[in-house]
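Open the model in your viewer and keep the selection tool handy. We will take a short walk through it, one stop at a time.

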Amino acid sequence: MTDRRPQRIACLGEAMIELALDGDMAVVGFAGDVLNAAIYLRRALPDPHSVSFVSLVGRDPLSDRMVERIEAEGVDTDHIARHENRIPGAYAIITDDHGERSFVYWRDTSAARTLFMPGCPIQPETLAGFDVLHLSAITLAILTADARRALIDWLPAFRAGGGRVAFDSNYRPRLWPDVATAQAAVTDLWRLTDIGFPSVDDEMALFGDADAAAVLARIEGAGVATGALKCGEAGPLPIGARLPGAVYAPAPRVVDTTAAGDSFTGGYLAAHLTGASQADALQAGHATASHVIGHRGAIVPR
């Protein structure tokens, strides 16, 4: 389903301070899986469509810079609330000689973890005016159990009112209390998702699927109508359709695979929401990701 009228897209998640290590030096940036997708979506999405980032940050100077940076990308920040006492989380990226990355996180007391809690100015109903809501399993994982349930219980009303849900199943085991909790929450979201962005490795790790075909069967069986199963350098597989013979050009170079999946999501969504075919949306997502992994850090220069 696409819509010719201007779309308002809300991207719900956590923005973090990024330290991209280069030898003994570090480049400071601001990123996070849903924020990355929001920025690449905004870059590819023509006006008058709008993209908003929904989160909490602090009242500290780094939070100020973070909000300014998000605004500079053309992403609306009216739904970023300020926490009186907490600050954003942070992470460092370490890449090997092949561009594969590992992370060190400091996020246990980040402001975004208070989303939807009592007294928080952002509640699920805050999102009611949007046409599309994009979130990830990381978004779910940082919420308290009560806040997560409140969001999941509200989503059917959002969809009944014409809203669509886009979901990326970024599975990070350390963010969850146990596997069963993660499985239950992600399964709930797949049943409420219109546009899916599962990653084959994450889904197999979380649910024990044998291969990509098994992942697709489970996702489609949950009712996800369209989207892409992200399979890294092998290229994506379509959800809800089959495109035999599709070919995806390899990335010209691989420097840092940070935000590969997030940028794919942004590129795909921009194409899909403006009426592109499934084949063209998949190619748009793949091309965006191929460009991003040729640069260091999550957010590449324009």
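Two strands count as paired if DSSP finds at least two bridges between them. Keep that in mind for the first stop, and note that this is a predicted model.

**Stop 1: strand 4 and its partners.** Select residues 50–57, which make up strand 4. Of these eight residues, seven are buried, so the strand is mostly covered by the 20% cut-off for relative accessible area. Now add residues 8–12, strand 1, which runs parallel to strand 4 and is joined to it by five bridges. To see one of the partnerships, pick Ile 9 in your viewer: its bridge partner in strand 4 is Val 51.

Next, add residues 80–82, strand 5. Three bridges link strand 5 to strand 4, again in the parallel sense. Here you can pick out Leu 56, whose bridge partner in strand 5 is Ala 81. Show residues 61–72 as well: this is helix 2, and together with strand 4 and strand 5 it makes a right-handed β-α-β unit.

**Stop 2: the largest nonpolar core.** How many residues does the largest nonpolar core have? It has 47, and the ones with the most contacts inside it are Leu 12, Phe 116, Leu 127, Leu 135, Leu 151 and Leu 155. Colour residues 145–160 too, since this is helix 4, which gives six residues, the largest share of this core. Then centre on Leu 127: setting aside residues up to four places away in sequence, Leu 127 touches Ala 10, Leu 12, Val 54, Phe 116, Leu 133, Trp 154 and Phe 158.

**Stop 3: another core, and Ile 17.** Apart from the largest core lies another one, of 45 residues, including Ala 15, Met 16, Ile 17 and Tyr 268. Select Ile 17, found in strand 2 (residues 16–22). Is Ile 17 buried or exposed? Its relative accessibility is 10%, so Ile 17 counts as buried. Beyond its neighbours within four places in sequence, its contacts include Val 28, Phe 30, Leu 62, Met 66 and Tyr 91. For a distance to try, go from Ile 17 to Gln 123: they are 106 residues apart in sequence and 24 Å apart in space, C-alpha to C-alpha.

**Stop 4: rings.** The structure holds seven aromatic pairs. Select Tyr 91, Phe 103 and Tyr 105 to see one aromatic cluster. Finish with two arginines: Arg 8 lies over the face of Phe 130, at 4.4 Å from the ring centre, and Arg 218 lies over the face of Phe 207, at 4.0 Å from the ring centre.

Note on methods: Residues are numbered from 1 along each chain as its sequence is written. This is a predicted model: local features need pLDDT of at least 70, side-chain atom pairs count only at pLDDT 80 or more; totals for chains, interfaces and linings use all residues. Side-chain values use heavy atoms; hydrogens and water are left out. Rings of Phe, Tyr and Trp (its six-membered ring) pair if their centres lie within 6.5 Å; planes under 30 degrees apart count as stacked, over 60 as edge-to-face and the rest as tilted. A charge sits over a ring if NZ of Lys or CZ of Arg is within 6 Å of the ring centre and within 35 degrees of the ring normal. Buried means under 20% relative accessible area, exposed over 50%, partly exposed in between (1.4 Å probe, protein chains only). Helices (H or I, at least four residues) and strands (E, at least two) are DSSP runs, numbered from the N terminus. A crossover is right-handed if, with the strands pointing away from the viewer, the path from the first strand over the helix to the second runs clockwise. Contact means heavy atoms within 4.5 Å. A nonpolar core is a set of buried Ala, Val, Leu, Ile, Met, Phe, Trp, Tyr and Cys residues joined through side-chain atoms within 4.5 Å.
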